Amino acid sequence: MKKTKNIHILIIVIGIIFISISSLHQTIWFDESYSVSIAKHSFTEIWKITGNDVHPALYYWLLHIIYMIFGNNIIAFRLFSVLGIAVLGILGYTHIRKDFGEKTGILFSFLTFFLPIMCTYATEIRMYSWSAVFVTLMAIYAYRFYKDVKENEKFNKKNLCFFGIFSICSCYIHYYALVTAGLINLLLLIFVIKEVKKTSKPLKAFLMVALVQIVLYIPWLIYLITQMQHVGGGFWIKVGLVNTTVEVLSFQFRRMLEDSFSFNIATVIPLIISIIVYLYIGIKIYKDIKEKKNIKPAIYAIAIYLGVIAIILIISIVMPILYSRYLLVITGIYIFAISYILATEKNKVLIYSICIVIALMSIWGNIENIKTNYDSSNMQAINYIKDQIEDDDIIIYSNFANGGVIAAYFPEYKQYYLNLEKWDIEEAYKAYAPGMQIVRDYDFLNEFSGKIWVIDTDSKDVCKKLEQYDIKILKEIKRFNAKYHNYTYNIMLIEKK
């Protein structure tokens, strides 16, 4: 027993080191730039700004606390995401092990740290890791409450209270987590209604917790409806039959999702491995049911995981919200299902083989992460500007992918996003205020004279528009290609008289 605990702790320690290796870098991409920029706003401002974005406010509030402690520190923000996955892995020791046994707990911790996708998104300055933590804790305490009511006339109120807390946290951190919370609450309601024959106390207690959740979520409902209309009006998520199907199947076994999908070694191998794992899980479940083994916890987890995907698919008929990356939110439930089924396997060689293959895939992915995240090209554009920009200079850009990154790195300089396509993003992009201002034409330059940094993926288009003004080129276009998320920066310095 003590040896098993020591092995478990060792897996956690090695796992935390493993996911941290690629996280100590300063480079960000657009999504991260939004997190970094909004973190410096107050709690009230964050609430208002995120109400016009596509995610709830809780993660940004948590990031604001990190900002208050460490300042505008990109590595601190990134390590906060790493901490989320670390906490998720530790749940294998503190919760899963106690509820479902040593083997399930160890496998849960192992898969949390070594599924290939985890070492990538553990380092993203986004809400995914902490969403997974809150959703998993919600599911754990939902099951504990379920078990209490099923096996005893009395139930532990602490379990129900913790369920309610993590459920509302899930609702406020990501919309996939909201769907998961809704589904789990519904299933629990059905269950306690069925058990009301024994005693009505669990039903009354659950309804009270559910009511508190509803009351606490009401302030966000207006924003939710507005955001749904935004997505329904044609947001950036696109659902493709082949692309989406392959990514949903193999997401957890891949290092990264490509912007443009193609069948290559980075997609085919994870797809094959994921299909093999799913076939094994399906066969194992069939055998366990035939042998009358208790695999209900795994069945419940699979039902919730697939149920959430099914709900998202149905909603996507009206508005496209099925995005594979968001599945990280419910990956804790996914990991538990696999861990529980694997723990019932008597063939140790098979268990070790599966774990070794997954670990090798993850090591391969993390090597690529390390090479990408620490590549010398990543900070060249930022350092180029940083070394030469002066206090009165302004920055303009019409591509907000790299423009948002610039806004996050240079918040103290006045800059303008040329929203030439007139997207309805003014309120959401107040995350970058006050340094960045959104304009829809070039009229803001009429009253300006001085140096202008033109930054885009193709600065020539912007420069053609600037020919109407009396400008002088101080530095010709210089192109930088950053390996991190394959960003391109064309930078030109001009002076307007």
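Two strands count as paired if DSSP finds at least two bridges between them. With that in mind, start the tour of this predicted model at its sheet.

**The sheet**

Select the six strands in the order β3-β2-β1-β4-β6-β5; they make up an open sheet with mixed pairing. Then colour β3 (436–439) and β5, which stand at the edges. Each of these two has a single partner strand, so one side of each is left without a neighbour in the sheet. Look across the strands: from one strand to the next, the twist averages 20°. Strands of a sheet pair through backbone hydrogen bonds, either parallel or antiparallel.

**β6 and its two partners**

Next, select β6, residues 487–496, together with β5, residues 471–482. Nine bridges hold this pair, and the sense is antiparallel. For a pair of residues to display here, take I471, which stands opposite K496 in β6.

Now hide β5 and show β4, residues 450–456. The pairing of β4 with β6 is antiparallel too, through seven bridges. Here the residues to pick are I455 and its bridge partner in β6, I491.

**The turn between β5 and β6**

Bring β5 back and move to the loop between β5 and β6, where H485 is found. The hairpin has four residues between the strands. H485 is not a glycine, yet its phi is positive, at about 60°. Is the residue buried or exposed? The relative accessible area of H485 is 22%, so it falls in between, as partly exposed; the limit for buried is under 20%.

**Two more loops**

Stay by the sheet for one more stop: the loop between β2 (415–418) and β3, which holds P434. Display the backbone from A433 to P434, where the peptide bond is cis, with omega near 0°.

Then go to the loop between α13 (265–290) and α14 and select K292. Like H485, K292 is a residue other than glycine with a positive phi of about 60°. K292 counts as exposed, because its relative accessibility is 76% and the cut-off for exposed is over 50%.

**α10 against α14**

From K292, continue into helix α14, residues 296–318, and add helix α10 to the selection. The axes of α10 and α14 are 10 Å apart, and the helices pack at an angle of about 120°. That angle makes α10 oblique to α14, since the range for roughly perpendicular ends at 115 degrees and that for roughly antiparallel begins over 145. The crossing of α10 past α14 is right-handed.

**Aromatic rings**

Keep α10 on screen and turn to the rings. A search of the whole structure finds 53 aromatic pairs. One of them to display is Y146 with F191: the centres are 4.5 Å apart and the planes make an angle of 55°, a tilted arrangement. Which helices does this pair tie together? Y146 belongs to helix α8 (residues 128–151) and F191 to helix α10 (residues 175–194), so the contact links parts that are 45 residues apart in sequence. Y146 and F191 are both buried.

Finish at a ring with a charge over it: select Y93 and R97. R97 lies over the face of Y93, 4.2 Å from the ring centre.

How values were computed
Residues numbered from 1 in each chain as written. Predicted model: local features only at pLDDT ≥ 70, side-chain atom pairs only at ≥ 80, totals over all residues. Heavy atoms only, no water. Phe/Tyr/Trp six-rings, centres within 6.5 Å; stacked < 30°, edge-to-face > 60°. Buried < 20%, exposed > 50% of the residue type's maximum accessible area, 1.4 Å probe, protein only. Lys NZ or Arg CZ within 6 Å of the ring centre and 35° of its normal. Axes fitted to C-alpha atoms, helices over the stretch in contact; angles between N-to-C directions. Parallel < 35°, antiparallel > 145°, perpendicular 65-115°, else oblique. Left-handed = near helix turned anticlockwise from the far one by under 90°.
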